[in-house]
Amino acid sequence: MRIGLLRHFKVNCPHKKMMTSREFREWSEKYEVSKVIKKRVEMYGIKWDVCYVSDMPRAITTAKEVYSGNLMIDKLLREVDNAPFIHTERVKLPFEVWHICGRLAWFFKSKSQPETIDGTRRRINQFLDRIDWSKENILIVCHGWMIFNFQKELRKRGFKGNKLKLVKNGVLYEYIRKEIEKEIADNENNTDLCG
């Protein structure tokens, strides 16, 4: 079984270098509705049986470019919101500080974030528990931070693939679980027990 994780195309939404918390939130809201910059995606000739996609426009646009069948749109695949970790009216911080510290606040379960690490994991597992596992090749088009967390949950379910530190826009990441090898190994272990 193969699961392909694909982050949406790059979003055309420039930002200031220095921002207040209000400016970061406004930029985040603008990012949600901005257009994407389309590019060719290497899909390695794989015929995907089904494509699940986040309900955000940037993900849907990307999915339509790489998959010709019916899309299974799911809001559980939405990106983890990255809210300002503190509120500043006059103090401006670099964009990267807002972004990184928001993710750290998420990791440490800060009340500044609308969702915690536990909530994200629950959402991913809720999604994985309800997809159609009878399909051999499953494509999931969503968002960078979700993919970063998805890979961990897939490994817990026996999938193998790259350990990602940086998730690139418009790049396919494959995770494979070999059911046959697992069955053979289980049978060999049972044979040893029988003598």
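**A walk through the sheet and its helices**

Let's start with one pair of residues: Val53 stands opposite Val141, which is in strand E8. Keep in mind as you look around that this is a predicted model. The two strands behind that pair are E5, covering residues 50-54, and E8, covering residues 137-142. E5 and E8 pair in the parallel sense, and 4 bridges link them.

Now zoom out from that pair. What order do the strands of the open sheet follow? Reading across, you meet E6-E5-E8-E1-E10-E9, 6 strands in total, with mixed pairing. At the edges sit strand E6 (71-74) and strand E9 (160-161), and each of these pairs on one side only.

E8 is a good place to linger. E1 is another partner of E8: these two pair in the parallel sense over 6 bridges. If you want a landmark there, look for Gly4, whose bridge partner in E8 is Leu139. Is E8 enclosed or open to the outside? With 6 of its 6 residues buried, E8 is largely enclosed by the rest of the structure. You can see this on both of its faces: Asn137, Leu139 and Val141 point one way, Ile138, Ile140 and Cys142 point the other way, and all are buried.

Next, the helices. Helix H5 (residues 144-156) lies across four strands, namely E1 (2-7), E8, E9 and E10 (172-176). Relative to E1, H5 runs at about 160°.

Helix H4 takes in residues 117-130, so to speak a run of 14 residues. From first C-alpha to last, H4 reaches 20 Å, close to the 20 Å expected at 1.5 Å a residue. Its buried residues are Ile117, Gly119, Thr120, Arg123, Ile124, Phe127 and Leu128. And what do the buried residues of H4 pack against? Their neighbours are the strands E5, E6 and E8, together with the helices H3 and H5.

Helix H1 (residues 21-33) is built from 13 residues and reaches 19 Å between its first and last C-alpha, close to the 18 Å expected at 1.5 Å a residue. Buried in H1 are Ser21, Glu23, Phe24, Trp27, Ser28 and Tyr31. These residues sit on the same side of H1 because they cover an arc of only 160° around the axis. Turn to the face pointing away from that buried side and you find the exposed residues Arg22 and Val33. The cover over the buried residues of H1 includes strands E1, E2 (10-11) and E3 (18-19), plus helices H2 (57-66) and H3 (95-107).

With the frame in place, a couple of charged side chains are worth a visit. Asp74 lies in strand E6, which is one of the edge strands. Is Asp74 buried or exposed? It is buried, at a relative accessible area of 8%. The Asp74 side chain makes a polar contact with the side chain of Arg130, at 2.6 Å. A polar atom of the Asp74 side chain also lies 2.8 Å from the backbone nitrogen of Leu76. Setting aside its neighbours within four places in sequence, Asp74 is in contact with Val53, Ser54, Asp55, Phe127 and Arg130. There you meet Val53 again, the residue opposite Val141, along with Phe127, one of the buried residues of H4.

Arg58 is the next stop, and its place is in helix H2. This residue is buried, with a relative accessible area of 2%. The side chain of Arg58 makes a polar contact with the side chain of His143 at 3.5 Å. Not counting residues up to four places away in sequence, Arg58 touches His8, Val11, Tyr31, Glu32, Val36, Glu79 and His143. Tyr31 is familiar by now as one of the buried residues of H1.

Finally, take a look at two spots in the loops. Most residues other than glycine have a negative phi. Which value does phi of Tyr44 take? Phi of Tyr44 is near 60°, a positive value in a residue that isn't glycine. You'll find Tyr44 in the loop between strand E4 (36-37) and E5. Lys109 isn't a glycine either, and has a positive phi of about 60°. Its home is the loop between H3 and H4, where Lys109 is partly exposed, with a relative accessible area of 46%.

Key
Residues numbered from 1 in each chain as written. Predicted model: local features only at pLDDT ≥ 70, side-chain atom pairs only at ≥ 80, totals over all residues. Heavy atoms only, no water. Pairing = 2+ DSSP bridges. Contact = heavy atoms within 4.5 Å. Axes fitted to C-alpha atoms, helices over the stretch in contact; angles between N-to-C directions. Expected span 1.5 Å × (residues − 1). Buried < 20%, exposed > 50% of the residue type's maximum accessible area, 1.4 Å probe, protein only. Arc of directions from axis to C-beta. Polar contact = N/O pair within 3.5 Å; in protein donor to acceptor, adjacent residues only side chain to side chain.
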